[in-house]
Amino acid sequence: MMKVLIHHIYEFQKGLRSLVMHTLPSRLTEEATAKLRHYGIDYHLQPCVQAKVNIYFGASACVAVVRQITSGKKLGEMTHEEDFVLGSMLGYDIQKQCERYLKRTGVAPA
């Protein structure tokens, strides 16, 4: 689990990603956030399913938007628009994000 986090940190530091979402067991939160603080990387924690947490980290402006979007919500509680923006920010395939948004809103693609 921590090896994947280290890889994500590497990708962020090399400019491959501006924002990362990493899910891990809650018991590893302190170790993970200590690593991010060590590297001076901004982060935001979001409760996830039982005994897990999502850590968003990366560019401070991106993390600030995530803080605003997730503001006390779990992933499943976000609006369709918030879900779309977050997925896009994380670099998910934009066409699939559009298809997901349309499916969630019940609109058939043209």
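Select P47 and V53 to begin: V53, in strand 3, is the bridge partner of P47, and strands here, like helices, are DSSP runs numbered from the N terminus (E, at least two residues, for strands; H or I, at least four, for helices). The model is a predicted one, in which local features need pLDDT of at least 70, side-chain atom pairs count only at pLDDT 80 or more, and totals for chains, interfaces and linings use all residues. Residues are numbered from 1 along each chain as its sequence is written, and side-chain values use heavy atoms, with hydrogens and water left out.

Keep V53 selected and add L24, whose bridge partner in strand 3 is also V53. Then move to P25, which stands opposite K52 in strand 3.

Now widen the selection to strand 1 and to strand 3 (residues 52-58), which pair in the antiparallel sense over 7 bridges; two strands are taken to pair if DSSP finds at least two bridges between them. Strand 2 is joined to strand 3 by 6 bridges, and these two strands run antiparallel. They form a hairpin with 4 residues between them, and in the turn A51 has a positive phi of about 70°.

With the 3 strands displayed together, the order 1-3-2 can be followed across an open sheet with antiparallel pairing. Its edge strands are strand 1 (19-25) and strand 2 (42-47), each of which pairs on one side only. Neighbouring strands of this sheet are turned by 25° against each other on average, direction ignored. Colour strand 3 by accessibility next: strand 3 is mostly covered, with 6 of its 7 residues buried, that is, under 20% relative accessible area with a 1.4 Å probe and protein chains only.

Turn finally to helix 1 (residues 2-13) and helix 2 (residues 29-38), whose axes come within 11 Å and cross at roughly 20°, the axes being lines fitted to C-alpha atoms over the stretch in contact and the angles running from 0 to 180 degrees between N-to-C directions. That crossing makes helix 1 roughly parallel to helix 2, a label for angles under 35 degrees. To see the contact (heavy atoms within 4.5 Å), show M2, L5, I6 and I9 of helix 1 together with E31, A32, K35 and L36 of helix 2.

Terms used: Angles under 35 degrees count as roughly parallel, over 145 as roughly antiparallel, 65 to 115 as roughly perpendicular and the rest as oblique. Buried means under 20% relative accessible area, exposed over 50%, partly exposed in between (1.4 Å probe, protein chains only).
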